Amino acid sequence: MRVGGGAIAEVGELVRTLGARRPLVVTDAFMVSTGTAELVMGHLRESGLEPAVFSETVPDPTTASLEAGVEAVRSHDADAIVAVGGGSPIDTGKALAMLSAQGGAMRDYKAPRVNYGPALPVVAVPTTAGSGSEATQFSVITDSETNEKMLCAGPGFLPVAAILDFELTLSKPSRLTADTAVDAMCHAIEAYVSRKATPFTDSMAMSALRASSSCIREVYADGGDRAGREALMLASLQAGIAFSNASVTLIHGMSRPIGGNFRIAHGLSNAMLLPVVTGFSIGGAESRYADVARALGAATAATDDAVAARALVEWLRRLCSDLEVPSPASYGIERDAWEELIPTMARQAIDSGSPANNPILPTAEEIESLYVQAYDPQASDGTRT
């Protein structure tokens, strides 16, 4: 890893250490329009490399969107991927690295399969602070035929290197800042309460929560807050390491179907669910959720666990309100369309495997009920009784 303001200047040297000479920069049109893609290309050329760029990645990448990318890898004879952008370009880069080396269709790689190499080496350069994809062994790709948001996992998807330059996030708009920051917070909370948590992932998750809670509102209000931007990027990294090893739980399990079926940004769909699903889950790991509350400043060391856990739910509600997170209803999703897809989304959530890590193992009927509550959360406090 190369970490710190201006670290992007080291991308060429980093790629050279991998023995690569013909990297393909995988990014999106926005990164091209802002000059970030050319900045990266320039540093690669200065190091004597022969880069090319593929800028046709899309938000929440689909299997169809990967086809041109696989051809770009082949036509350039690329020997490495430099994935530049938010979680979508990085997930795309990971998928292209695997498909280019092993072939097949992306659905062949979805969970519960665990994927190993070979894969092209990936250098991840995040330009948002949220997905943590630079440090995870996951790639999430939507099946264009079924709208299923497929979780593809295994060490083969793990980048070999990453550059974390918070200066690349300074221009991000407030909505993207909020959604990605809440995504990272979800990663940390879910990793800490996951049935797969370990002391190592606990330390990463707690550090991420303390860092993000201290500045998330400030950065939302002032995108030029350099100290806050740096803290959020490091929190995103730590949360990514935590959930890559401890996995996520019910929030992400339910979030992916929302994104796949309604084309809602991943971080935003997580935020829509965060208070409601946390309220449902606290009874299964009350002391753990109390620890989260204390890390976020929602409770003190002297607060009883039961009180602290419930205070956490209220703290998360206030955070989502302060960050102007819409509900599915206020976002514009028609109630009939939402309710029609609830059984499908519940099945897709369970099939992803993530709900099995939740402190309370939900039934399909309980997941369906949570989707109903999340559509209009003001109609219910979302707390399991």
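**View 1. Asparagine 357 sits in a loop of this predicted model.** The loop runs between α15 (335-351) and α16 (364-375). Is asparagine 357 buried or exposed? Its relative accessibility is 6%, so asparagine 357 counts as buried; the cut-off for buried is under 20%. Which residues touch it, beyond neighbours within four places in sequence? Asparagine 357 is in contact with Val193, Ser194, Arg195 and Lys196, and also with Ser247, Val248 and Thr249.

**View 2. Methionine 106 belongs to the largest nonpolar core.** This core has 110 residues. Met106 and Tyr371 have the most contacts inside it. Helix α6 (residues 174-193) gives the core its largest share, 10 residues. What does methionine 106 touch, leaving out residues up to four places away in sequence? The list is Thr63, Leu66, Ala95, Leu99, Ile141, Met150, Cys152 and Phe157.

**View 3. A second core is separate.** It has 20 residues. Among them are Ile8, Leu49, Val125 and Ile163.

**View 4. Valine 3 helps make a nonpolar surface patch.** Its partners in the patch are Met1 and Leu234. The patch covers about 270 Å². Valine 3 lies in strand β1 (residues 2-3). Why does valine 3 count as partly exposed? Its relative accessibility is 48%, and partly exposed means between the 20% and 50% cut-offs.

**View 5. Residues 381-385 have a pLDDT below 50.** The protein averages a pLDDT of 95, and 98% of the residues score at least 70. Over residues 381-385 the score is below 50. How many contacts does this stretch have in the model, beyond near neighbours in sequence? The stretch has 13.

Conventions: Residues are numbered from 1 along each chain as its sequence is written. This is a predicted model: local features need pLDDT of at least 70, side-chain atom pairs count only at pLDDT 80 or more; totals for chains, interfaces and linings use all residues. Side-chain values use heavy atoms; hydrogens and water are left out. Patches are made of residues with over 30% relative accessible area and no salt bridge: like charges are joined within 9 Å, nonpolar side chains (Val, Leu, Ile, Met, Phe, Trp, Tyr) within 5 Å. Accessible areas come from the Shrake-Rupley method with a 1.4 Å probe; for residues, only the protein chains shown count as cover. A salt bridge is a side-chain nitrogen of Lys or Arg within 4 Å of a carboxyl oxygen of Asp or Glu. Helices (H or I, at least four residues) and strands (E, at least two) are DSSP runs, numbered from the N terminus. Buried means under 20% relative accessible area, exposed over 50%, partly exposed in between (1.4 Å probe, protein chains only). pLDDT is the predictor's confidence in each residue, from 0 to 100. Contact means heavy atoms within 4.5 Å. A nonpolar core is a set of buried Ala, Val, Leu, Ile, Met, Phe, Trp, Tyr and Cys residues joined through side-chain atoms within 4.5 Å.
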